[in-house]
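Hi,

Here is the structure I promised to pass on. Have a look at it first, and then read on for what I found in it.

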Amino acid sequence: MKYLQDRILRDGRVEGTDILKVDSFLNHQIDVELMNEIGKEFNERFKNNNITKILTIEASGIAIATIAAQYFKVPVVFAKKTESRNLDKDTYESSVYSFTKDKTYKIRVSKKYINDKDNVLILDDFLANGKAANGLIDIVNQSKAKVCGIGIVIEKGFQDGGKKLRDKGINVQSLAIIDRFEDGDVKFSAC
Ligand code: 5GP
């Protein structure tokens with residue numbers, strides 16, 4: 001997706017050897033027009049999969065999933081990272097290790113909102129080692145729903161999450177795939 005790649009080149013900031021900051025348009029301030037193009041593109045790529053629900057993870061996934069869901073015309077469910085008295089007691093749970101924060105956290109989804117009839121599309125902002133995606137897949141599997149695909153805004157192709165998921169036969173669609181960081185610049189793979 002050229003529009004997204006251009007934006008990453010213009011406003012993304014490489015931190016250290018493996019982190020891309022996109023706070024000015026995706027992770028903190030949100031460019032809604034860009035988000036809308038992203039939502040349309042996900043719909044183009046998964047429109048024939050009979051998606052009944054979009055599953056994401058708080059916080060950054062919510063905006064992406066919500067805008068995309070307007071094209072799919074299905075509800076969004078987001079996995080919660082914090083325990084709260086408001087959340088139903090009956091939940092699916094999984095553990096996710098975050099390498100950006102170097103900690104493991106639990107994610108939870110109420111059993112009310114995904115069931116064995118659902119065809120689920122998982123959406124997230126980044127794919128690195130695949131821990132977040134695997135946690136969400138685990139939740140879908142517990143619910144006996146079907147994972148119909150995974151849509152990612154930015155995949156870091158030099159980390160192995162995407163390869164492992166594709167090797168399992170999952171349809172992973174990433175709108176921008178970063179091949180490497182070179183002297184602080186982003187170099188994309190063809191996608
Ligand atoms: P994974 O679980 O695939 O290892 O990492 C994906 C999750 O970690 C995403 O949900 C995202 O929040 C965060 N993440 C991983 N790499 C990056 C990065 O380079 N930049 C930002 N902003 N977030 C990242």
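Threonine 91 has serine 110, in β6, as its bridge partner. That pair belongs to an antiparallel pairing between strand β5 (residues 91-98) and strand β6 (residues 103-110), which is held over eight bridges. Four residues lie between these two strands in their hairpin, and aspartate 102 takes a positive phi near 50° there. Before you go further, please keep in mind that this is a predicted model.

There is another hairpin to look at, made by β9 and β10. Strand β10 covers residues 185-188, and four bridges join it to β9 in an antiparallel arrangement. One of the partnerships to find on your screen is phenylalanine 181 with valine 186, the latter in β10. This hairpin has two residues between its strands, and aspartate 183 is the residue with a positive phi near 50°.

Strand β9 (residues 172-182) also pairs with strand β8 (residues 146-156), this time in the parallel sense, over six bridges. If you want a landmark for that pairing, glutamate 155 stands opposite isoleucine 177 in β9.

Now to the ligand, which I suspect you will want to zoom in on. Where does the ligand sit? The space it takes is the largest pocket. Around the ligand there are 16 residues, and the closest are Leu20, Ala128, Gly130, Ala132 and Lys156. By character, this shell divides into seven nonpolar, four polar and five charged residues.

Which elements supply at least two residues of the shell each? They are β2 (19-21), β7 (119-127) and α5 (131-143). Of the contributors, β7 gives the most, with four residues.

Here are some polar contacts to check with your distance tool:

- Asparagine 27 places a polar side-chain atom 3.0 Å from a nitrogen atom of the ligand.
- Asparagine 129 uses its backbone instead: an N or O atom there lies 2.8 Å from an oxygen atom of the ligand.
- Alanine 132 likewise has a backbone N or O atom 2.8 Å from an oxygen atom of the ligand.

As for how much of the ligand is covered, it has 510 Å² of accessible area on its own, and the protein covers 87% of that.

Happy to go through any of this with you on screen.

Best wishes

Notes. Residues numbered from 1 in each chain as written. Predicted model: local features only at pLDDT ≥ 70, side-chain atom pairs only at ≥ 80, totals over all residues. Heavy atoms only, no water. Near = heavy atom within 4 Å. Polar contact = N/O pair within 3.5 Å; in protein donor to acceptor, adjacent residues only side chain to side chain. Areas by Shrake-Rupley, 256 points an atom, 1.4 Å probe, with all protein chains shown as cover. 1 Å grid on protein atoms, 1.4 Å probe; cavity = no way out; pocket = protein on both sides within 12 Å on 5 of 7 lines; lining within 4 Å. Sits in = over half its atoms within 2 Å of the grid points. Nonpolar A, V, L, I, M, F, W, Y, C, P; charged D, E, K, R; others polar. Pairing = 2+ DSSP bridges.
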